[in-house]
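Student: I would like a close look at a single part of this protein, with its surroundings explained step by step. Could you walk me through one helix and then show me how the rest of the chain is arranged?

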Amino acid sequence: MYDVLIKNVKVSFSEKKSDIAIQDGKIVKMGRLLAPAHRIIDGREKAALPPYVESHIHLDTALTCGVPRPNESGELFEGIELWNAYRTHFLTEEDVTRRAHTVIEEMVKQGILFVRGMVDVSDPQLTALHALLDVKKEVSPFLQLQLVAFPQNGLAKNGGAQLRRALELGVDAISAVPHLEPSREKGIESLELCFGLAAEHEKDIHIFCDEIDDGASRFAESVAYLAAESGLGSRVTVSHLNAMAYYPEAYARKLTGLIKAAGMNVVTCPLISTAMQGRLDSWPKGRGITRVKELDEAGVNVAVAHDDFLSPFYPLGTGSLLSAGHMLLHQAHMTGTRDFEAVYRMMTENAARVLGVKQYGLQEGHPADLLLVSADSAHDLLRRQPMAELVMSNGRIICETIPAKTTLWTEQAHI
Ligand SMILES: [Zn+2]
């Protein structure tokens, strides 16, 4: 007898209806099944989907918007100044823990069970990192949280000592921000330091790369070179690449080839990027994101992420990856027939590859991590952005949402 049998679902929008049998937290059988089960769930022809994967979010800055004061200009550098003030005067472990759990709950409701969180390690006490390492353990029964040590104020000043401490404490990946270093040379040094440490500690790399509207910022080629040389390849990810929007076509094509050959991943965060980038351009202003469609079509693994959530950098955000995907459809000019599936891939399997999630997707033998959603296709899902009605982690239902129901009385009104 199975533990759970989910009847009548459309697995990943398939036309064919299927049942999913779950035993000991795993999917043991899929197809038309008649066997008995302790619990039977009628899927009512909803889509059964793998959980969404958030590949870039800041849990330490989330929900700090407005403290100590709002970001008056809305710009990145004022945001960094405000975050430095918050970190100095307000940050405690209890504060980070409380905010992180709130955001994780919001993400779980939205169907996200895999998260890569960026943690600023500029703080000498590493307060946020200590708190988030505990949060990672606390949520591990139902959600995989990876932590990336990220030096918001650059590596040039402290020579990577903070990254070393973060590695000793047990982060999953490390980062650099080469375009914020004081010179091109220092930027390259920060990358070399990061790659040396990652190779030594066998960790992933997630670089904040060329997040600037400056066509002369060209660190992605160095990351691609180091990813290929070190053999770290697909364990290397770059976020944003906004400068790529400004490169001449010939150079953009060369870079796309280098990224593809290195096997590294690209993460785009259209919500924050559309709000933050392009501000200093004269008209016409850039769209704010990198060349997502071109990179995807060239075979680069591209993921879409939500990123900031009510932070000093971004006064919006709900944790919904569907909202990030919806924004990407617009910004990347991805409203062609196949683009909807491409963006759906970017928030599911592509993002899972960024995180290196093992046994991702609805298959026999994989953990029973899944969502039930009322949507007919990737197009329908991204257009309407419906909530996941059921979220299951390791065979256990961890969240259920009853969709809002509206009764329209217009006919009676006419009478
Ligand atoms: Zn970010």
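Tutor: Happy to! Let's begin with helix α6 and what packs over it. The buried residues of α6 are covered by elements that include α5 (184-201), β10 (204-209), β11 (236-240) and α7. Keep in mind as we go that this is a predicted model.

Which residues of α6 are the buried ones? Helix α6 runs over residues 220-230, and Ala220, Ser222, Val223, Ala224, Leu226 and Ala227 are buried in it. A general point about helices helps when you look at such a list: an α-helix has 3.6 residues a turn, so residues three or four places apart point the same way. Try that with Val223 and Ala227, which are both among the buried residues of α6. Just after the helix comes Gly231, and its phi is positive, near 80°.

Now step over to α7, one of the elements that cover α6. Helix α7 spans residues 249-262, and Thr256 lies within it. Is Thr256 buried or exposed? Its relative accessibility is 13%, and because buried means under 20%, Thr256 counts as buried. Leaving aside residues up to four places away in sequence, Thr256 touches Met244, Leu295, Ala298 and Val300.

Let's zoom out to the whole chain. The domain assignment gives domain 1 as 2-50 + 361-400, and domain 2 as 52-355. Helix α6, at residues 220-230, therefore falls within the range 52-355 given for domain 2, and the Thr256 we just visited belongs to that range too. Taken over C-alpha atoms, the centres of the two domains are 31 Å apart. Their contact takes 22 residues from domain 1 and 19 residues from domain 2.

What does that contact look like? Between them, domain 1 and domain 2 bury about 1,700 Å², with 70% of it on carbon and sulfur atoms. Leu382, Gln385 and Met387 supply 31% of the area that domain 1 buries against domain 2, more than any other three residues. The count of salt bridges between the domains is 0, while 2 residue pairs are in polar contact across the interface.

On the side of domain 1 that touches domain 2, β14 (370-373), α13 (378-384), β15 (390-393) and β16 (396-400) each supply at least two residues. Helix α13 gives the most to this side, with 5 residues. Sorted by class, the side has 15 nonpolar, 4 polar and 3 charged residues.

Technical notes:
Residues numbered from 1 in each chain as written. Predicted model: local features only at pLDDT ≥ 70, side-chain atom pairs only at ≥ 80, totals over all residues. Heavy atoms only, no water. Helix = DSSP H or I, 4+ residues; strand = E, 2+ residues; numbered from the N terminus. Buried < 20%, exposed > 50% of the residue type's maximum accessible area, 1.4 Å probe, protein only. Contact = heavy atoms within 4.5 Å. Domains from an automatic or database assignment. Buried area = accessible area lost by both parts, 1.4 Å probe. Salt bridge = Lys/Arg side-chain N within 4 Å of Asp/Glu carboxyl O. Polar contact = N/O pair within 3.5 Å; in protein donor to acceptor, adjacent residues only side chain to side chain. Nonpolar A, V, L, I, M, F, W, Y, C, P; charged D, E, K, R; others polar.
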